[in-house]
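Dear colleague,

I am handing over the structure we spoke about, and below it you will find my notes on the side-chain contacts and a few backbone points. Please read them with the model open beside you.

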Amino acid sequence: GREGKTRIAELFVFDALGRRSVQEALAGEIVVVAGFDDIRIGDTVTDPDTPVPLEPIAIEEPTVRMTFGVNKSPMAGREGKLLTSRVIRDRLMKELDRNVALRVAETDNADTYEVSGRGQLHLSVLVESMRREGFELFIGPPTVIIKNIDGVKCEPFEKVEVTVPSDCAGSCIDALNRRKGDMLNLNAVDTADGRGSTTIEYVIATRALIGLRNILLTATRGEMVMDTQFDSFKPYVGAIETKEQGSLLAFEAGTASPFGIIGAQDRGRLLIAPKTEVYKDMIVGIHQRAGDLAINVCKTKQLTNMRSAGKDKDDGVVPKVEFSLDSCIEYIQEDELVEVTPLNVRMLKNPDMAGKRKK
């Protein structure tokens with residue numbers, strides 16, 4: 001380990017809802033110490049004459065990583081004030097001071113940084129915090145961190161506990177089995193409404209959890225509670241089932257019209273409403289089949305002397321599917337990105353991977 005000498009500038013103890021400065025503290029008290037420039041979780045502050053360090057605390061290693069980059073979409077700079085790679089880098093480095101499980105690394109691209117954390121939710125919270133502070137970002141799809149342990153390719157696994165209504169347990173078990181999970185326990189109990197509740201415990205690859213939450217919420221009509229905890233690194237389990245549906249892409253830049261949306265509704269479920277601004281290759285819906293499809297949601301009705309402009313109403317428009325930031329991060333594939341701004345969250349095809357898209 002490393003050793004160093006420094007001077008305590010000030011010592012605080014907690015007093016009701018605040019804190020107060022003191023000259024000394026007794027064993028068992030929780031204190032705040034000022035004056036240390038470089039201190040980490042697990043370091044021991046001790047008498048310099050008799051330095052006896054305590055056993056360091058083990059911090060869980062990151063299991064998932066995502067890329068954070070500069071927003072380069074056609075709508076960049078309209079809503080946020082913090083846009084450049086320098087301010088993004090400074091914000092990520094500042095986060096390292098208090099977020100001990102976070103890791104930040106530079107990439108070959110000067111505008112992109114690789115951020116690793118303990119699961120997708122850990123990183124999603126950071127993205128949401130930056131969005132509320134006024135940042136605009138491109139977020140890449142989450143990927144798990146692979147390790148080579150004793151010559152064996154290993155990936156992180158997590159323990160998952162899912163509580164669902166008993167009549168939905170079968171579909172949830174099927175979804176977990178299709179993603180190569182191993183069941184540990186199943187416990188069914190009666191409830192006051194007579195439906196019953198079932199708690200299912202699995203060990204499953206972290207890679208398989210990406211996108212699973214939305215599948216289980218759909219299968220249980222929103223009546224699902226899921227808790228996860230890191231288990232260990234285990235041998236790689238191979239290919240895991242991913243989403244079978246492609247994306248609906250905007251054919252051109254413009255403003256979505258009711259006429260264009262009504263014409264596109266037969267192709268899948270849309271993520272936008274009329275009068276939403278779109279740009280080329282922005283993801284505007286979920287295709288009902290595999291593969292991506294470009295649709296023209298900006299198409300307007302051709303007006304003639306046989307038609308009235310007042311007939312172009314919204315009464316035939318199906319309400320859009322609401323996607324949160326977490327849902328967007330779960331949805332995107334390796335050739336897609338999430339555009340995060342203070343006011344909107346959009347998805348789009350990665351312009352740097354245009355030649356690698358699936359036809």
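Arginine 78 is exposed in this predicted model, with a relative accessible area of 53%, and its side chain meets that of glutamate 277 in a salt bridge whose N to O distance is 3.1 Å. The two residues stand 199 positions apart in the chain, arginine 78 in the loop between strand 4 and helix 1 (85–96) and glutamate 277 in strand 17 (residues 277–278), and the pair thereby links distant parts of the chain. Glutamate 277 counts as partly exposed, at 41% relative accessibility.

A second pair that links distant parts of the chain is formed by glutamate 106, in strand 5 (residues 103–106), and arginine 89, in helix 1, with their positions 17 residues apart. The closest N and O atoms of this salt bridge are 3.2 Å apart. Glutamate 106 is exposed, with a relative accessible area of 57%, whereas arginine 89, at 31%, is partly exposed.

The salt bridge between aspartate 174 and arginine 178 has a local setting, for both residues lie in helix 3 (residues 169–178), four residues apart, which is about one turn of the helix. Here the closest N and O atoms are 2.3 Å apart, a value you may wish to look at yourself. Both partners are partly exposed, aspartate 174 with a relative accessible area of 38% and arginine 178 with one of 37%. Elsewhere, Arg91, Glu95, Arg98 and Glu133 are joined into one network by salt bridges that share partners. Searching the whole structure gives 21 salt bridges, of which I have described some. As a general matter, side chains of opposite charge can pair when their charged atoms come close.

Turning to the rings, the count of aromatic pairs comes to two. Phenylalanine 230 and phenylalanine 233 make an edge-to-face pair, with 5.8 Å from centre to centre and 65° between the planes; the angle counts as edge-to-face because it is over 60 degrees. Phenylalanine 230 is partly exposed, at a relative accessible area of 27%, while phenylalanine 233, at 18%, is buried. The other edge-to-face pair joins phenylalanine 323 to tyrosine 331, with the centres 5.7 Å apart and the planes at 70°. In this pair phenylalanine 323 counts as partly exposed, with 25% relative accessibility, and tyrosine 331 is buried, with a relative accessible area of 9%.

Charged groups also meet rings in two places that I noted. Arginine 19 has its charged end over the ring of phenylalanine 12, 5.1 Å from the ring centre, and lysine 280 lies over the face of phenylalanine 251, at 5.7 Å from the centre of that ring.

What of the cysteines, and how many disulfides are there? The count comes to zero. For cysteine 298, the nearest cysteine sulfur is that of cysteine 328, 19 Å away, and cysteine 298 is in no disulfide; a pair would need its sulfur atoms within 2.5 Å, so this separation rules one out. Cysteine 298 is buried, with a relative accessible area of 12%, and cysteine 154 likewise counts as buried, at 6% relative accessibility.

On the surface there is a nonpolar patch formed by Ile8, Val31, Val33, Ile39 and Val45, which together have about 370 Å² of accessible area. One of its members, isoleucine 39, lies in the loop between strand 3 (31–34) and strand 4 (64–70) and counts as partly exposed, at 43% relative accessibility.

Finally, two backbone points deserve a look. Most residues other than glycine have a negative phi. Aspartate 150, however, has a positive phi of about 55° although it is not a glycine; this residue is found in the loop between strand 9 (147–149) and strand 10 (152–165), where it counts as exposed, at 76% relative accessibility. Aspartate 281 also has a positive phi, near 70°, and is likewise a residue other than glycine; its place is the loop between strand 17 and strand 18 (283–287).

With best regards

Notes
Residues numbered from 1 in each chain as written. Predicted model: local features only at pLDDT ≥ 70, side-chain atom pairs only at ≥ 80, totals over all residues. Heavy atoms only, no water. Phe/Tyr/Trp six-rings, centres within 6.5 Å; stacked < 30°, edge-to-face > 60°. Buried < 20%, exposed > 50% of the residue type's maximum accessible area, 1.4 Å probe, protein only. Lys NZ or Arg CZ within 6 Å of the ring centre and 35° of its normal. Patch = residues over 30% accessible without salt bridge, like charges linked within 9 Å, V, L, I, M, F, W, Y side chains within 5 Å. Areas by Shrake-Rupley, 256 points an atom, 1.4 Å probe, with all protein chains shown as cover. Salt bridge = Lys/Arg side-chain N within 4 Å of Asp/Glu carboxyl O.
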